[in-house]
Amino acid sequence: MDLVIGRVAKTHGVRGELVVDVRTDDPGERFAVGNVLRGRAPKGAGEKNYTVTAARPHAGRLLVSLQGITDRDAGDALRGTLFLIDAADVDSGDDPDEFYDHELIGLPVSTVDGASVGEVSDVLHLPGGELLAVKTPAGEVLVPFVAAIVPTVTRDGIVVDPPEGLLEG
């Protein structure tokens, strides 16, 4: 399974520097000089490896230079490219309160009294916070991913304590 660590939004300047929307917990490590990034072009145009030659923060994003991308036209050709890593290469470690999205997807969800709800189908990151998309027999429900509603998260499953009406589709 692939995890997206960044997406090329546009170019910056005339030397092919890329504005990258970061989608990783550790951009300093993932976009370090010398790292080889696996890039997937938009619309199924294939994959190619790119070597990072420079990276710096800028306005909540990263400005990234890649070997061989030296002008605006070359940079513009990468617009929409996703930078990927293999999910098998990352692990949230031993911290019981830290999880990557891919570790949550597919986990069973039950209520505090043991009733089965369904399973996590996605984790949505929105400006107001995170939501768990839970696939239930009645359809998908969105559960705010906050401790008051999701008191227990383990690698074996998720327990929710939903307010009245939350799980009704």
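**From one threonine to the cores and the largest pocket**

The side chain of Thr11 makes a polar contact of 3.0 Å with the side chain of Asp76, where a polar contact is a pair of N or O atoms within 3.5 Å, one able to donate a hydrogen and the other to accept it within protein, and residues adjacent in sequence count only if both atoms are side-chain atoms. The model is predicted, so local features need pLDDT of at least 70 and side-chain atom pairs count only at pLDDT 80 or more, while totals for chains, interfaces and linings use all residues. Residues are numbered from 1 along each chain as its sequence is written, and side-chain values use heavy atoms, with hydrogens and water left out.

A second polar contact, of 3.5 Å, links the side chain of Thr11 to that of Arg72. Thr11 is buried, with a relative accessible area of 5%; buried means under 20%, exposed over 50% and partly exposed in between, using a 1.4 Å probe and protein chains only. Although Thr11 and Leu78 are 67 residues apart along the chain, their C-alpha atoms are separated by 8.6 Å.

Thr11 lies in strand 1, and strands here are DSSP runs of E with at least two residues, helices being runs of H or I with at least four, numbered from the N terminus. Strand 1 (residues 2-12) runs antiparallel to strand 6 (residues 82-86), to which 5 bridges join it, and two strands are said to pair if DSSP finds at least two bridges between them. Within this pairing, Leu3 has Ile85 as its bridge partner. Strand 1 is also antiparallel to strand 2 (residues 17-22), through 6 bridges, and here Lys10 is partnered by Val19.

The largest nonpolar core has 18 residues, and Val20, Phe31 and Phe83 are among those with the most contacts inside it; such a core is a set of buried Ala, Val, Leu, Ile, Met, Phe, Trp, Tyr and Cys residues joined through side-chain atoms within 4.5 Å. Strand 1, strand 2 and strand 6 are among the elements that give two or more residues to this core. Apart from it lies another core, of 16 residues, including Leu104 and Val153.

Strand 1 also leads to the largest pocket, since 4 residues, the largest share of its lining, come from this strand. The lining of the largest pocket has 25 residues, and among those nearest its centre are Tyr100 and His125; a pocket is an open set of points on a 1 Å grid over the protein atoms alone, where a 1.4 Å probe fits, with protein on both sides within 12 Å along at least five of seven lines, and lining residues have an atom within 4 Å of a point.
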